[in-house]
Amino acid sequence: MDGFNPSRFEPCTDSAFLCVRFQPGRSKQPASPLLPMAFKAGTLLVFLLTASGCSGLKHWLQNGFKVGPNHVPPAAPVSDAWIDRADPRVKNAPAEDCAWWTLFNDPTLNRLIDTAYRQNLDLQTAGTRILEARAQRHIAAGNLFPQSQAAIAGLAHAQFGPNLGLPLPHTLNIWADGFNASWEIDFWGRYRRSIEAADANLQASTERYGEALVMVLSEVAANYVQMRTFEQRLQYAQENIAIQKKSLELVEARIEQGAGTELDECQARSNLALTESLVPPLEAGRRLACNRLCILLGMPVTDLATQIEAASIPVAPPEVAVGIPADLLCRRPDIRRAERQVAAQCAQIGIAESDLYPRLGVSGFIGYAANDLGDLFSSKNFTSFIIPSLQWNILNYGRIVNNVATQEARLQATTLQYQQTVLTAGREVEDGLVQFIQAQQQARRLEDGVSQAERSVELVVKQFEGGITDFNRVFTTQAQLVTQQDQLATARGNIALNLIQVYRAMGGGWESIAEGHGMPNLINSVDAEGIPQSPASIH
């Protein structure tokens with residue numbers, strides 16, 4: 001059997017795929033003229049496609065040798081000004097990127113916000129999504145280089161029967177060792193468009209983290225305000241229960257003296273029972289707010305209200321700076337995320353259009369090949385070859401064109417979603433502003449009403465003690481006091497909640513934290529059992 005001669009291998013030119021053909025019994029021989037002819041034909045074909053003015057290639061040169069459209073930020077439907085711009089409580093000055101929760105001057109709230117930023121699990125999940133998108137971007141960038149590379153070593157063994165009539169030995173062994181690589185040239189921008197999409201997705205993931213941060217900050221503040229509101233309502237209820245118990249004792253004393261009636265006692269007991277019935281739902285509401293706070297803080301549910309200092313409902317500043325509606329396009333992370341998703345989908349059109357044109361590639365091998373393993377690394381068995389290739393899925397044009405149409409339709413849908421996000425953002429700010437303004441007016445009226453109701457209860461009780469009036473007026477005024485005080489506490493809480501809603505709708509808070517702290521640790525400090533610690537700073 002003759003020794004192995006690498007020159008017996010030559011490229012296959014009857015296929016667009018990369019392969020080699022073994023030519024037995026041949027010594028050194030010039031390469032087949034079909035290969036350079038095929039490559040020249042492919043080059044000419046590309047030139048003709050470029051010069052022909054095809055719709056997909058019209059802006060190929062202007063786009064930096066990339067097919068498909070370049071991203072243009074879509075139009076955003078925004079109002080010229082806010083509806084309540086003339087109200088003195090709405091300042092048209094640019095909204096400040098401040099830690100808005102500090103405006104409430106509540107140290108406990110500040111500590112809760114800081115703890116939630118460090119321990120909230122949703123934020124950490126959003127952070128890992130950024131790491132995932134960053135890795136996907138690196139994968140996309142790697143496709144600019146040879147897409148497959150491998151160090152190979154193997155044995156090809158063949159046995160041929162004598163009846164085949166082939167000019168081959170009955171037994172053939174080929175040992176080979178070396179490196180091969182294949183590279184599809186990014187002639188039409190397929191891989192560069194993939195990088196654009198990956199970049200946009202990475203930026204969208206970053207904005208999604210900002211969106212999650214805005215939500216966590218506002219939810220912590222809102223639930224804290226709700227907890228304090230329930231505590232204030234409970235306090236009012238307990239105070240009224242104490243007042244009504246004294247009234248009941250007074251009625252019972254007057255009955256013993258023969259000056260009272262059973263109707264007075266029934267009314268007093270009814271009033272007391274109704275007020276006492278307010279306590280259980282208020283206790284449950286306070287507990288639910290505490291439970292939600294615990295989850296936001298990334299800690300097991302506990303009675304958080306017993307672990308923090310007592311305080312009143314946070315007092316909101318009377319004014320808020322909101323800038324102009326167009327500022328939302330830059331401030332709100334969800335709007336920025338939606339715009340980045342439009343950019344990512346725009347790049348998908350270019351990726352789909354690249355399938356309309358031929359793919360140009362090159363493959364190669366460098367190494368050693370021999371019949372005998374012991375002679376494999378001899379210098380005479382050194383083997384190398386380079387094979388250009390051209391692949392054009394002509395028969396798949398129907399599917400390719402429809403895939404382009406699919407990506408274009410998705411771009412339209414993504415653009416509409418972006419515009420809907422902008423509209424929703426404007427509505428949320430308007431909702432928060434009108435409720436913030438009206439809650440202040442409601443609270444002012446209720447403060448006057450409660451002040452008068454408290455004085456009425458004080459006077460009517462004295463009149464009842466002096467026998468000037470009957471208990472029916474005591475019953476009525478005390479019931480009114482309970483209702484108005486409960487409404488006042490709710491209104492004061494609503495002022496703070498609506499201001500929080502305004503800041504959430506404007507996307508406030510995330511920039512100040514991002515500038516001051518950066519990305520949170522994805523793996524937080526945990527105890528021996530892997531459970532986040534209850535922050536001692538809020539105790």
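# Exercises on a predicted model

Ile241 is in contact (heavy atoms within 4.5 Å) with Leu272, Thr275, Glu276 and Val279, leaving aside its neighbours within four places in sequence. The model is predicted: local features need pLDDT of at least 70, side-chain atom pairs count only at pLDDT 80 or more, and totals for chains, interfaces and linings use all residues. Residues are numbered from 1 along each chain as its sequence is written, and side-chain values use heavy atoms, with hydrogens and water left out.

## Exercise 1: Ile241 and Thr414

Task: Place Ile241 and Thr414 in their helices, and decide whether each is buried or exposed.

Solution:
- Step 1. Helices are DSSP runs of H or I with at least four residues, strands are runs of E with at least two, and both are numbered from the N terminus.
- Step 2. Ile241 belongs to helix α4. Thr414 sits in helix α9 (residues 397–465).
- Step 3. Buried means under 20% relative accessible area, exposed over 50%, and partly exposed in between (1.4 Å probe, protein chains only).
- Step 4. Ile241 has 6% relative accessibility, so Ile241 is buried. Thr414 has 13%, so Thr414 is buried.
- Step 5. Add the partners. Thr414 touches Gln341, Val342 and Gln345, not counting residues up to four places away in sequence.
- Step 6. Add a distance. Ile241 and Asn271 are 30 residues apart along the chain, and their C-alpha atoms are separated by 9.0 Å.

## Exercise 2: Two helices

Task: How do the axes of α3 and α4 run relative to each other?

Solution:
- Step 1. Find the helices. α3 covers residues 121–142 and α4 covers residues 190–256.
- Step 2. Axes are lines fitted to C-alpha atoms, for helices over the stretch in contact, and angles run from 0 to 180 degrees between N-to-C directions.
- Step 3. The two axes come within 8 Å and cross at roughly 175 degrees.
- Step 4. Therefore α3 is roughly antiparallel to α4 (under 35 degrees is roughly parallel, over 145 roughly antiparallel, 65 to 115 roughly perpendicular, the rest oblique).
- Step 5. Look at the residues that make the contact. Among them are Leu123, Ala126 and Ile130 of α3, and Ile195, Leu202 and Tyr209 of α4.

## Exercise 3: An open sheet

Task: In what order do the 4 strands of the open sheet stand, and which strands are at the edges?

Solution:
- Step 1. Two strands pair if DSSP finds at least two bridges between them.
- Step 2. The order is β4-β5-β7-β8, with antiparallel pairing.
- Step 3. β4 (148–159) and β8 (382–391) have a single partner strand each, so they stand at the edges and one side of each lacks a neighbour in the sheet.
- Step 4. Neighbouring strands of this sheet are turned by 25 degrees against each other on average, direction ignored.
- Step 5. Count bridges. β5 (residues 171–185) and β7 (residues 359–370) pair over 11 bridges. β7 and β8 pair over 10 bridges.
- Step 6. Find opposite residues. Ser182 faces Ser363 in β7. Trp175 has Ala370 in β7 as its bridge partner. Arg359 stands opposite Gln391 in β8.

## Exercise 4: Aromatic rings

Task: Why is the pair of Tyr368 and Phe377 edge-to-face?

Solution:
- Step 1. Rings of Phe, Tyr and Trp (its six-membered ring) pair if their centres lie within 6.5 Å; planes under 30 degrees apart are stacked, over 60 edge-to-face, and the rest tilted.
- Step 2. This rule gives 10 aromatic pairs.
- Step 3. The centres of the Tyr368 and Phe377 rings are 5.5 Å apart and the planes stand at 65 degrees, so the pair is edge-to-face.
- Step 4. Check accessibility. Tyr368 is partly exposed at 25%. Phe377 is exposed at 55%.
- Step 5. Turn to a cluster. Trp60, Phe65, Phe187, Trp188 and Tyr357 form one aromatic cluster.

## Exercise 5: Positive phi

Task: What is the sign of phi at Phe65 and at Asn105, and where do these residues lie?

Solution:
- Step 1. Recall the background. Most residues other than glycine have a negative phi.
- Step 2. Phe65 is not a glycine, yet its phi is positive, about 60 degrees. Asn105 is not a glycine either, and its phi is positive at about 55 degrees.
- Step 3. Phe65 is in the loop between α1 (34–51) and β3 (90–91). Asn105 is in the loop between β3 and α2 (107–119).
- Step 4. Phe65 is partly exposed at 41% relative accessibility. Asn105 is exposed at 68%.
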